[in-house]
Amino acid sequence: MDKKSKIYIAGHRGMVGAAIWRILSSKGYTNLIGKSSSELDLRNQNEVLSFFSNEKPDVVIDAAARVGGILANNNYPYQFLMDNLQIQNNLIDAALNNDVKKFIFLGSSCIYPKFAQQPLKEEYLLTDSLEPTNEWYAIAKITGVKACESIRKQFGKDYVSLMPTNLYGTHDNFDLKTSHVLPAMIRKFHEAKLNDHSPVELWGSGSPMREFLFVDDMAEAVVFALDNRLPEYLYNVGTGIDLTIRELAETIQNIVGHKGEIVWDSSKPDGTPRKLMDISKMHQLGWKHKVELKEGIEKTYNWFLENIDNFKEVKL
Ligand SMILES: NC(=O)c1ccc[n+]([C@@H]2O[C@H](COP(=O)([O-])OP(=O)(O)OC[C@H]3O[C@@H](n4cnc5c(N)ncnc54)[C@H](OP(=O)(O)O)[C@@H]3O)[C@@H](O)[C@H]2O)c1
């Protein structure tokens, strides 16, 4: 990819978008463009069309979405379905009609069927029922993957989807009402440490197994997809390594320096027993993660400490 190509990163202020911007800048890509949601509401088709006809980007990376945990999905099913459909439909259609050469769409491992065989292979998409708690989000995301696949099929354009596993890292969401498990644990252990090493209560039994990828590695996978024409329409992106939630908690506890007790509340649900991606397709093409979990958590905790005053607000 030409380093002067005009690359529009939708959602460039989010955790993933910011990492993509950072990594592309560090690799000498000089013509990056981004707009916040208050400058350009991607749900508004007219605004998106006029932005594309003015800017004429060569490449679009779609890291904009309404994202959230079970609670948010449960309370706002319509927004999770419709906002995501509108954002991605407007972006994909405007890209196609403005001759954007390459489009990178981000799906998510949580859109695979609830009881799919492990590790998750790309071909398991749409083979069984979804997890009911996030089906709104999943249906929208599956539509995005299929829209890009249909453009690939019908117009021969390089529109590709990457399917990230659970991501974490700098610019993560540490708000306990809406955050994912890893940043929530960092915050809980940190606050308990400051509170004289008080016990930390965590949900479930600690036995489910999960995979985590540092967000800079995700951004590197996006750069890989930018620099290479990937032969298929969909690729899983992860480490291929999982661990129990209990092991994750103990790793974070050590890094944070919390010396108190961990109390597992087994009256709370565990969720899916295992969720691991099969990443052999990306490995065969030559991409592999670089940041191992301990190093990634250390970096994330340092970022948390440096930015602790900036993320007090609830994002719902
Ligand atoms: N985080 C994960 O663990 C994970 C895992 C798998 C897949 N993904 C995927 O990665 C992508 C990015 O996720 P993230 O974690 O970076 O989310 P995030 O931190 O919440 O960022 C989402 C971004 O989307 C933008 N956005 C939302 N609604 C918009 C609208 N109506 N108009 C314009 N922009 C809008 C936001 O812009 P403003 O900041 O300007 O409001 C924000 O920059 C998503 O597609 C998500 O599904 C994430």
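## Helix α1 between the sheet and α7

Helix axes are taken here as lines fitted to C-alpha atoms over the stretch in contact, and the angle between two of them runs from 0 to 180 degrees between their N-to-C directions. In this predicted model, helix α1 (residues 15–26) and helix α7 (residues 215–227) pack with their axes 8 Å apart and at an angle of about 60 degrees. That angle makes α1 oblique to α7, and the crossing of the two helices is right-handed.

The residues that meet across this pair can be listed from each side. Helix α1 contributes Met15, Val16, Ala19, Ile20, Arg22, Ile23 and Leu24, while α7 contributes Val215, Asp216, Met218, Ala219, Glu220, Val222, Val223 and Leu226.

## The six-stranded sheet and the helices on it

Six strands form an open sheet in the order β2-β1-β3-β4-β5-β9, and their pairing is parallel. The edges of this sheet are β2 (32–33) and β9 (234–237), each of which pairs on one side only. At the β9 edge, strand β5 (residues 158–164) pairs with β9 in the parallel sense over four bridges, and leucine 162 stands opposite tyrosine 235 in β9.

Helix α1, already described in its packing with α7, also packs on the sheet, where it touches β1 (7–10), β2, β3 (59–62) and β4 (102–106). The direction of α1 makes about 155 degrees with that of β1. Helix α5 (residues 135–155), for its part, lies across β4, β5 and β9 and runs at about 150 degrees to β5.

Tyrosine 235 can also be placed relative to a distant part of the chain, since its C-alpha atom is separated by 28 Å from that of asparagine 74, a residue 161 positions away along the chain. Asparagine 74 has its place in helix α3 (residues 70–75) and, with a relative accessibility of 54%, counts as exposed.

## The pairing of β7 with β11

Strand β7 (residues 200–203) pairs with strand β11 (residues 262–265), again in the parallel sense and over four bridges. Within this pair, tryptophan 203 has aspartate 265 in β11 as its bridge partner.

The side chains of β7 alternate along the strand: Val200 and Leu202 are buried and point to one face, whereas Glu201 and Trp203 point to the other face and are not buried.

## Helix α6 and its two partners

Helix α6 (residues 181–194) packs with helix α10 (residues 293–306) at an angle of about 60 degrees, the two axes being 11 Å apart. This arrangement makes α6 oblique to α10, and their crossing is right-handed. On the α6 side the residues in contact are Leu182, Ile186, Arg187, His190 and Lys193, and they meet Leu293, Ile297, Thr300, Tyr301, Phe304 and Leu305 in α10.

Helix α6 also crosses helix α8 (residues 245–256), in this case at roughly 45 degrees, with the axes coming within 9 Å. These two helices are therefore oblique to each other as well, and the crossing of α6 and α8 is right-handed. Here Val181, Leu182, Met185, Ile186, Phe189, His190 and Lys193 in α6 meet Ile245, Leu248, Ala249, Ile252, Gln253 and Val256 in α8.

## Histidine 190

Histidine 190 lies in helix α6 and is listed among the α6 residues that meet α10 as well as among those that meet α8. With a relative accessible area of 7%, histidine 190 is buried, because the cut-off for that class is under 20%.

When residues up to four places away in sequence are not counted, histidine 190 touches Val256, Tyr301, Phe304, Leu305 and Ile308. Val256 belongs to the α8 residues in contact with α6, and Tyr301, Phe304 and Leu305 belong to the corresponding set in α10.

## The cysteines

A disulfide is a covalent bond between the sulfur atoms of two cysteines. For the purpose of counting, a pair of cysteine sulfur atoms has to lie within 2.5 Å, and by this rule the model contains zero disulfides. The sulfur of cysteine 110 is 17 Å from the closest cysteine sulfur, which is in cysteine 148, and that is too far for a bond. Seen from cysteine 148, the closest cysteine sulfur is the one in cysteine 110.

The surroundings of these two residues can be described by their accessibility. Cysteine 110 is partly exposed, with a relative accessible area of 21%, whereas cysteine 148, at 0% relative accessibility, counts as buried.

Conventions
Residues are numbered from 1 along each chain as its sequence is written. This is a predicted model: local features need pLDDT of at least 70, side-chain atom pairs count only at pLDDT 80 or more; totals for chains, interfaces and linings use all residues. Side-chain values use heavy atoms; hydrogens and water are left out. Buried means under 20% relative accessible area, exposed over 50%, partly exposed in between (1.4 Å probe, protein chains only). Two strands pair if DSSP finds at least two bridges between them. Contact means heavy atoms within 4.5 Å. Angles under 35 degrees count as roughly parallel, over 145 as roughly antiparallel, 65 to 115 as roughly perpendicular and the rest as oblique. A crossing is left-handed if the near helix is turned anticlockwise from the far one by less than a right angle, and right-handed if clockwise.
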